[in-house]
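Here are a few exercises to work through with the structure open beside you. Try each one on your own, then follow the solution step by step.

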Amino acid sequence: MINTAINISKVSESKFTSIDLDNVTFGTIYTDHMFFCDFKDGEWQQPQITPYQPLQLDPSARVFHYGQAAFEGMKAYKDEHGDAWIFRPEENWKRINFSARRLAMPEVPEEVFMNGLKTLLEMDKQWIVPGKGNSLYIRPFLFATEAGVSAAPAAEYKFMIICTPVQAYYKGGEVKVKISDYFSRAANGGVGATKAAGNYAASFYPTNKVKEEGYQQIIWTNSTHEYLEEAGTMNVFFRIGDKLLTAPTDDRILDGVTRKSLIQLAKDEGIEVEVRKVSVKEVTEAARKGELKEVFGAGTAAVVVPITGVGYQDEHFDLPKLDNPYSTMLKEKLLNIQYNITEDKYNWTQKI
Ligand SMILES: *Cc1c(COP(=O)(O)O)cnc(C)c1O
């Protein structure tokens with residue numbers, strides 16, 4: 001039986017005070033420590049926390065050749081009393097294991113994930129800057145480390161958690177999306193529902209193409225390009241009249257924690273929510289008639305992203321500026337739970 005207690009080695013001095021958080025680009029600075037646990041000889045080894053540092057990997061490590069890699073994205077928040085919180089972490093644990101199974105990687109035991117996460121956050125707690133909108137972005141990830149380029153699942157893996165501070169910022173500038181009528185992000189029976197690293201690699205080129213046309217993101221459609229599925233790397237909601245529509249999750253659509261939390265919050269507000277396939281035709285027809293009121297993306301990183309315009313083939317539809325959009329209202333409701341400002345009646349948050 002492997003020792004599951006975390007072997008900890010701390011930095012001698014935190015770099016926190018030397019960093020000007022107001023002037024760091026997201027994802028470029030990491031906290032003092034990192035967590036990792038290796039899988040070899042058929043079992044998870046003793047987990048460790050060390051000072052944040054580069055890794056050494058054999059150039060033939062399989063992650064580089066066959067892309068066995070999956071990740072998660074979550075956040076820690078600090079309330080006005082200085083207490084730190086995480087949001088629905090068991091969902092991320094379940095999802096990394098869903099991704100692991102599909103990519104033929106070993107599942108991460110709950111204790112390794114949760115204990116690693118909580119211990120690392122406890123140690124780097126000062127990096128969770130208080131204030132609504134500020135948070136610590138947490139990146140758990142799992143990848144194949146075994147050396148050797150034979151095309152088969154690896155026998156050795158590394159599970160890690162690293163954290164990077166997020167400052168509240170107003171990313172001025174609009175987000176306009178173009179509906180894809182050619183490229184696909186995912187396929188039936190494929191890996192679209194997982195957070196496989198390769199899904200992102202495959203999305204960059206089509207996204208660059210729509211950027212050349214003045215759009216910031218692509219709305220992914222199914223293989224026949226008739227149904228709307230996700231916006232960039234977020235789930236997507238459409239408001240037609242007063243109804244909120246979003247696609248059901250399946251092989252191609254990622255089961256986002258933000259998505260399902262917003263569906264619940266919208267229902268609690270008495271909003272009519274329809275979780276069903278949303279066709280390009282109905283959305284473009286609603287837009288032509290002025291009935292398409294809102295489109296917004298939902299994901300942990302940006303929470304809710306209001307979309308200001310939608311392009312489809314040669315048409316472009318600007319969305320109206322509403323006084324009280326669902327997007328703002330739902331975002332506030334969610335943030336208020338995440339920052340321990342309002343009652344958390346579903347027990348979504350956990351104190352560190
Ligand atoms: C991570 C991700 C989302 C959002 O999931 P959350 O759990 O809400 O952060 C949506 N779509 C894709 C493709 C993703 O990778």
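## Exercise 1: Charged partners

A network of salt bridges links Arg88, Glu91, Asp255 and Lys260. The model you are looking at is a predicted one.

**Task.** Take the pair Arg88 and Glu91, and find out how far apart the side chains are and whether the two residues are buried or exposed.

**Solution.** Start with the general idea: side chains of opposite charge can pair when their charged atoms come close. Next, check the distance. From N to O, the side chains of Arg88 and Glu91 are 3.9 Å apart, and the cut-off for a salt bridge is 4 Å, so the pair counts. Finally, look at the surroundings: Arg88 and Glu91 are both buried. Across the whole structure, a search finds 21 salt bridges.

## Exercise 2: A bridge across the chain

**Task.** Work out which parts of the chain are linked by the salt bridge of Glu213 and Lys178.

**Solution.** First, the contact itself: the side chains of Glu213 and Lys178 meet at 2.7 Å, N to O. Second, the location: Glu213 sits in the loop between helix H4 (197-212) and strand S11 (217-221), while Lys178 belongs to strand S10, and the two are 35 residues apart. Third, the exposure: Glu213 is partly exposed because its relative accessibility is 46%, whereas Lys178, at 11%, is buried.

## Exercise 3: Two cysteines

**Task.** Explain why Cys163 forms no bond with Cys37.

**Solution.** Begin with the whole structure, where a search finds 0 disulfides. For Cys37, the nearest cysteine sulfur is that of Cys163, 16 Å away. A disulfide needs the two sulfur atoms within 2.5 Å, so the sulfur of Cys163 is too far from that of Cys37 for a bond. Then check accessibility: Cys37 is buried at 0%, and Cys163 is buried at 1%.

## Exercise 4: Around the ligand

**Task.** Describe what surrounds the ligand and how much of its area the protein buries.

**Solution.** Count the shell first: 14 residues surround the ligand, and Lys195, Tyr200, Glu230, Thr258 and Thr300 are the closest. By type, the shell holds 4 nonpolar, 6 polar and 4 charged residues. Now go through some contacts:

- Lys195 places a polar side-chain atom 2.8 Å from a ligand oxygen.
- Glu230 has a side-chain N or O atom 2.5 Å from a ligand nitrogen.
- Thr258 has a side-chain N or O atom 2.6 Å from a ligand oxygen.

Taken alone, the ligand exposes 380 Å², and the protein buries 96% of that. Last, the elements giving two or more residues to this shell are strand S13 (234-240) and helix H5 (257-268).

Methods: Residues are numbered from 1 along each chain as its sequence is written. This is a predicted model: local features need pLDDT of at least 70, side-chain atom pairs count only at pLDDT 80 or more; totals for chains, interfaces and linings use all residues. Side-chain values use heavy atoms; hydrogens and water are left out. Buried means under 20% relative accessible area, exposed over 50%, partly exposed in between (1.4 Å probe, protein chains only). A residue is near a molecule or strand if one of its heavy atoms lies within 4 Å of it. A polar contact is a pair of N or O atoms within 3.5 Å; within protein, one must be able to donate a hydrogen and the other to accept it, and residues adjacent in sequence count only if both atoms are side-chain atoms. Accessible areas come from the Shrake-Rupley method with a 1.4 Å probe; for residues, only the protein chains shown count as cover. Helices (H or I, at least four residues) and strands (E, at least two) are DSSP runs, numbered from the N terminus. Ala, Val, Leu, Ile, Met, Phe, Trp, Tyr, Cys and Pro count as nonpolar, Asp, Glu, Lys and Arg as charged, and the others, Gly among them, as polar.
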